[in-house]
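Grab a pencil and work through the exercises below. Try each task before you read its solution.

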Amino acid sequence: VSPRRALSIVALAALAAACIEPRLLRMPFVDREASARELTAFPDRKWPQYPRFLEGVRDRTHPGDTVALIVPATEWYGGYSEMYFRASYLLTGREVLPLMDPQNAPAPENFAAARYVAAFGVTLPPPAEVVWQGEGGTLYRR
Amino acid sequence: MTSTLVAILGLALLGVPITLAVDRRARGALLAGLSFLYGSGAIFLVLLALSAVNVRWTPAIVAAAALAVFAIATTIAMRQPVTGGRRRAARAHVIDLLTLAMLACYSLYATLAPLWEWDFWAIWGLKAKVFFERGGIDWRFLESRWNIFAHPDYPLLVPLNFDFVALAAGGWSDRGPGLLFVAWGAALLLVARALAARETSPLVAALLAFALTALSLSLDLGLAEGALIAFGGTGVLLVREALREDDPATWRHAALMLGFAANCKNEGMALIAAVTLALVAVSWSRERARARLPRLWPAYALAAPWLVLRIAHALPTDIVGGSVISRFMERLGDAPEIFAFLAARLHRPWFWGAIFAALLIVPAAARRRERFVLIATGIQIVVFVTAYFVTPYAVHWHVVTSWARLTGQVSVPIAFAVFLMLAGSSRGEEGAPRSDSS
């Protein structure tokens, strides 16, 4: 066997071994129920109540409604954007409007344009009309 | 789950006459793999067209449109002459059972839970869900400046495939699209297996398909990577095959697959350019380039509609926003640090190490034979790296969140080529091409 042939055989074996994905090989042995629970909760792990709150908002609003979002995070990259994106996904059909832009500049025009305000972890002063309260937040009508 | 299986079967059935309309000789693994990919691409075009003429998507309307496509493709396929020799379908090998076992493992992974990735619910799944509830593409959503986070400029093949699954199921489910990723990966493996069998033994072809499983089956569920790897990988492998055999039907398949890849992600768009440049590079003479390049027109034709719609609706692309040149010039000074970071964050470093080592080991003739795949892959990687020099985001953040996925997009064709080079070299072959491919 020439050195090149021997090296080729070793490299072929190394390439095949490098292609193996251990995560897939483990799949038949994982606890599927526990993994499913963990992965389902993964997107909302920081705010477990938040999806249930948004579900409540969805139930009480209609497609085409505009909903401004107030959450405890006061910076776009400090949590606000994540909660805004999540609300956009769970409230599809409604137009979800953030109250700040990525530079953290307030967007009062969105507050003015919104028919509803969904406030999670924050309480608005009266005279906002409360539509529903629960799951750590309140839905107001303007 | 059952409805997703029905949707996948429907896509594969829809793709059979399209595959045969392109090449009546297709059969076996190649026919099966290409059929699903054509079905997936065709349903994207059907939903896009219905949206363009303001027809609301309903299961009945989409089924009727798909049936019309099926009937037209069947008519064309039946009129196609069977030119050239009919190839025998690749013979199965016991090693193929291992590949099937890996696909089974991946199916378990893909159906483990509702899709959980950030990019699913913030980009690909979000758009699909918005469009599904509206019954068509929601241009107002894409045009809103508040939805720029969802990358409105990204092409829509993947979200519209999710929508087809939801239409088949009669409702949206975060779990629904999971099995689509299995189908995309399996389709690529079938094509790779069939192509490998044409130039090597059943044992090596089966081993190669098994080695490609982890590269073909994207772990990034809910993102466009799974589809892009399938369409892009198939496209590059078919161009390689077309260069080997200079077969017009293979050129058509290759160009169409690249066109669908361009409708998966912007990197698919870049892949068409990379393939074009690589073809120029391996064609040497102007006559050869003139003969080959026009064969890619279907790729450009398929990429065009989304580019036109994107411009018409003024959908911005974040990476080229602001002053690209000034960002590039600024970051040139940080080049050593950026390259060091890319090296440190390289996904599957053992895989890339094995690829580089193999390229040094194999005979020069074998490298020459595979220069199309090597050059196309190299150009695409240069494009990826250049993007990090012009990104408007923090470079480290951008690398951390995308580098592994990007390198994964180009790993199947190069692994395929290098594996075959090594298999030939380990048998003592010098890698001479079986037909003139330069």
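Here come two exercises, one on helix packing and one on cavities.

This is a predicted model, where local features need pLDDT of at least 70, side-chain atom pairs count only at pLDDT 80 or more, and totals for chains, interfaces and linings use all residues. Residues are numbered from 1 along each chain as its sequence is written, chains are lettered from A and ligands numbered from 1 in the order in which they are written, and side-chain values use heavy atoms, leaving out hydrogens and water.

**Exercise 1.** Work out how helix 2 of chain B packs against helix 7 of chain B.

*Solution.*
- Step 1: helix 2 (residues 28–52) and helix 7 (residues 157–169) of chain B (helices are DSSP runs of H or I, at least four residues, numbered from the N terminus) pack at about 90°, axes 9 Å apart.
- Step 2: that makes the two roughly perpendicular (65 to 115 degrees).
- Step 3: contact (heavy atoms within 4.5 Å) involves, among others, B:Phe44 and B:Leu47 of helix 2 and B:Leu160 and B:Phe164 of helix 7.

**Exercise 2.** Find what lines the largest cavity.

*Solution.*
- Step 1: a cavity is a set of points on a 1 Å grid over the protein atoms alone where a 1.4 Å probe fits but cannot get out, and lining residues have an atom within 4 Å of a point.
- Step 2: the largest cavity holds about 130 Å³ of space.
- Step 3: its lining has 13 residues, with B:Val236, B:Leu271, B:Gln380, B:Gln409 and B:Val410 nearest the centre.
- Step 4: helix 10 of chain B gives the largest share, 4 residues.

Terms used. Axes are lines fitted to C-alpha atoms, for helices over the stretch in contact, and angles run from 0 to 180 degrees between N-to-C directions. Angles under 35 degrees count as roughly parallel, over 145 as roughly antiparallel, 65 to 115 as roughly perpendicular and the rest as oblique. On a 1 Å grid over the protein atoms alone, a cavity is a set of points where a 1.4 Å probe fits but cannot get out, and a pocket is an open set with protein on both sides within 12 Å along at least five of seven lines; lining residues have an atom within 4 Å of a point. Grid points are joined across faces, edges and corners, and a volume is the space filled by probe spheres set on the points.
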